[in-house]
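Trainee: I would like to go through this model with you. Could we begin with the overall picture and then turn to individual contacts?

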Amino acid sequence: MVLGGECSEWENVGSGVPQGSVLGPLLFVVFINDLPESIELPSKLYADDSKVMCELRKSKFLDDAARLQADIDRIVGWCDQWLMKLNVGKCKVMHIGHKNPKFMYFMKEVGSGQLHALEKTDLERDLGVYIASDLKSHGQVNQVVSKANSMLGMLKRTFTYRGADMWKRLYTTYVRPHLEFAVPAWNPHLKGDIAKLESVQRRATKIAHEMKGKSHKERLSLLNLTTLEERGVRGNSIQWFKLVKGFDKVNWVKEPSLGHPRAGVRGRYILENVRNCQQREKFFIVRAPETWNGLPDHVVEADTVDSFKRMFDGSCRGCYSLTPSSHGALHET
């Protein structure tokens with residue numbers, strides 16, 4: 001190490017991966033790849049982030065909680081065996097569901113053996129998306145709105161020119177991506193959350209001098225923009241197209257069911273019947289097929305993502321309100 005012109009002595013490194021190296025992430029993944037084999041419950045690994053999931057069944061709360069605690073102990077044992085040290089302070093447990101008994105779970109610190117109670121959390125960031133214990137999108141919306149407003153404020157302080165074309169480019173390049181990152185995964189359905197997102201675009205479209213005194217609808221028309229809610233529906237459809245055509249792969253817990261075609265009508269996806277769970281009713285797996293079922297045949301038969309986007313915009317923008325109906329079609333305007 002070199003600091004202030006002084007060099008440290010050379011030291012042999014017996015384990016670990018150099019940070020910042022090209023092979024570092026790959027070598028780390030290879031090293032921990034067998035971790036899921038040492039536990040019983042389903043797990044998800046991405047880089048240095050690992051999650052273990054356990055469903056607490058109504059009649060077997062204690063047994064299932066004991067299974068989760070046993071897997072936590074196995075993970076600690078695996079780390080001890082392979083000379084890895086867990087950051088216990090960053091290990092947390094999230095309880096999902098109103099009837100969840102919310103048991104306490106413990107983890108031994110590797111090396112010292114000291115027992116720590118895992119911290120409970122209601123909101124965690126996972127691959128850029130904030131997951132809440134109530135499965136609502138309030139946390140994600142608040143975070144992205146804050147980032148987008150900060151970026152918009154910085155642009156206003158940096159650029160004094162107020163031309164409509166330039167500000168549209170600045171907004172769509174530096175601000176809107178914050179509002180739409182991974183939107184199929186968390187697309188908001190509550191009016192309050194939608195209004196918060198739309199407020200950023202309302203503010204951005206007012207900046208150009210040409211837009212002064214015009215209504216929000218007029219500003220969107222002049223700038224050739226759509227509402228973020230409409231773009232959310234479009235984003236859902238694009239992602240569903242990628243899944244249907246095999247461009248993206250998903251290991252479904254329960255694969256979507258496609259109905260049989262009949263008398264010149266293509267097969268429609270069978271929608272999941274959800275009761276008493278608004279969050280589940282608005283999940284991607286439910287809302288995306290509903291919109292897809294209402295698209296014209298020539299749109300869903302597109303060969304590439306770009307051609308699907310063009311045909312979707314040409315067929316649906318201006319002809320449909322892009323709001324799914326209760327029977328799976330899109331409302332005409």
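Mentor: Certainly. In this predicted model, residues 24 or more positions apart account for 56% of the contacts with a separation of 6 or more in the protein chain.

Trainee: How many helices and strands are there in the protein chain?

Mentor: The protein chain has twelve helices and twelve strands. Its C-alpha atoms fill a box of roughly 65 × 65 × 40 Å along the principal axes.

Trainee: And what share of the 333 residues is buried?

Mentor: Buried residues make up 35% of the 333.

Trainee: Let us turn to helix packing. At what angle do H8 and H10 pack?

Mentor: Helix H8, residues 228-244, and helix H10, residues 284-293, pack at about 90 degrees, and their axes are 9 Å apart. An angle from 65 to 115 degrees counts as roughly perpendicular, so that is the description for H8 relative to H10.

Trainee: Which residues meet there?

Mentor: From H8 the contact involves Val-233, Asn-236, Ser-237, Gln-239, Trp-240, Phe-241, Leu-243 and Val-244. Their counterparts in H10 are Phe-284, Ile-285, Arg-287, Ala-288, Pro-289, Thr-291 and Trp-292.

Trainee: How do the residues of that contact divide by character?

Mentor: Ten are nonpolar, four are polar and one is charged in the contact of H8 with H10.

Trainee: Now the aromatic rings. How many aromatic pairs does the structure hold?

Mentor: The structure holds ten aromatic pairs. In one of them, Phe-31 and Trp-82, the ring centres are 6.3 Å apart and the planes stand at 80 degrees, so the pair is edge-to-face.

Trainee: Where do Phe-31 and Trp-82 lie in the chain?

Mentor: Phe-31 is in helix H1, residues 24-32, while Trp-82 is in the loop between helix H2 (61-81) and strand S5 (92-93). The two are 51 residues apart, and the pair links distant parts of the chain.

Trainee: Is Phe-31 buried or exposed?

Mentor: Neither term applies: Phe-31 is partly exposed, because its relative accessible area is 38%. Trp-82 likewise counts as partly exposed, at 40% relative accessibility.

Trainee: What about the rings of Trp-240 and Tyr-269?

Mentor: Their centres are 5.3 Å apart and their planes are at 85 degrees, so the pair of Trp-240 and Tyr-269 is edge-to-face. Trp-240 belongs to helix H8 and Tyr-269 to the loop between H8 and helix H9 (278-281), so the pair ties together parts 29 residues apart in sequence. Both Trp-240 and Tyr-269 are buried.

Trainee: Which residues do ring pairs link into a cluster?

Mentor: The cluster consists of Phe-241, Phe-247, Trp-292, Phe-308 and Phe-312.

Trainee: A different topic: why does Thr-205 count as buried?

Mentor: Thr-205 lies in helix H6, residues 191-205. The cut-off for buried is under 20% relative accessible area, and Thr-205 counts as buried because its value is 3%.

Trainee: What does Thr-205 contact beyond its neighbours within four places in sequence?

Mentor: Thr-205 is in contact with Met-211, His-216, Arg-219, Leu-220, Leu-223 and Leu-225. With Arg-219, the side chain of Thr-205 forms a polar contact of 2.9 Å.

Trainee: Finally, what does the side chain of Gln-279 reach?

Mentor: The side chain of Gln-279 reaches the backbone oxygen of Asp-134 at 2.8 Å. Gln-279 is in helix H9 and is buried, with a relative accessible area of 16%. Setting aside residues up to four places away in sequence, Gln-279 touches Asp-134, Leu-135 and Lys-136.

Note on methods
Residues are numbered from 1 along each chain as its sequence is written. This is a predicted model: local features need pLDDT of at least 70, side-chain atom pairs count only at pLDDT 80 or more; totals for chains, interfaces and linings use all residues. Side-chain values use heavy atoms; hydrogens and water are left out. Axes are lines fitted to C-alpha atoms, for helices over the stretch in contact, and angles run from 0 to 180 degrees between N-to-C directions. Helices (H or I, at least four residues) and strands (E, at least two) are DSSP runs, numbered from the N terminus. Angles under 35 degrees count as roughly parallel, over 145 as roughly antiparallel, 65 to 115 as roughly perpendicular and the rest as oblique. Contact means heavy atoms within 4.5 Å. Ala, Val, Leu, Ile, Met, Phe, Trp, Tyr, Cys and Pro count as nonpolar, Asp, Glu, Lys and Arg as charged, and the others, Gly among them, as polar. Buried means under 20% relative accessible area, exposed over 50%, partly exposed in between (1.4 Å probe, protein chains only). A polar contact is a pair of N or O atoms within 3.5 Å; within protein, one must be able to donate a hydrogen and the other to accept it, and residues adjacent in sequence count only if both atoms are side-chain atoms. Rings of Phe, Tyr and Trp (its six-membered ring) pair if their centres lie within 6.5 Å; planes under 30 degrees apart count as stacked, over 60 as edge-to-face and the rest as tilted.
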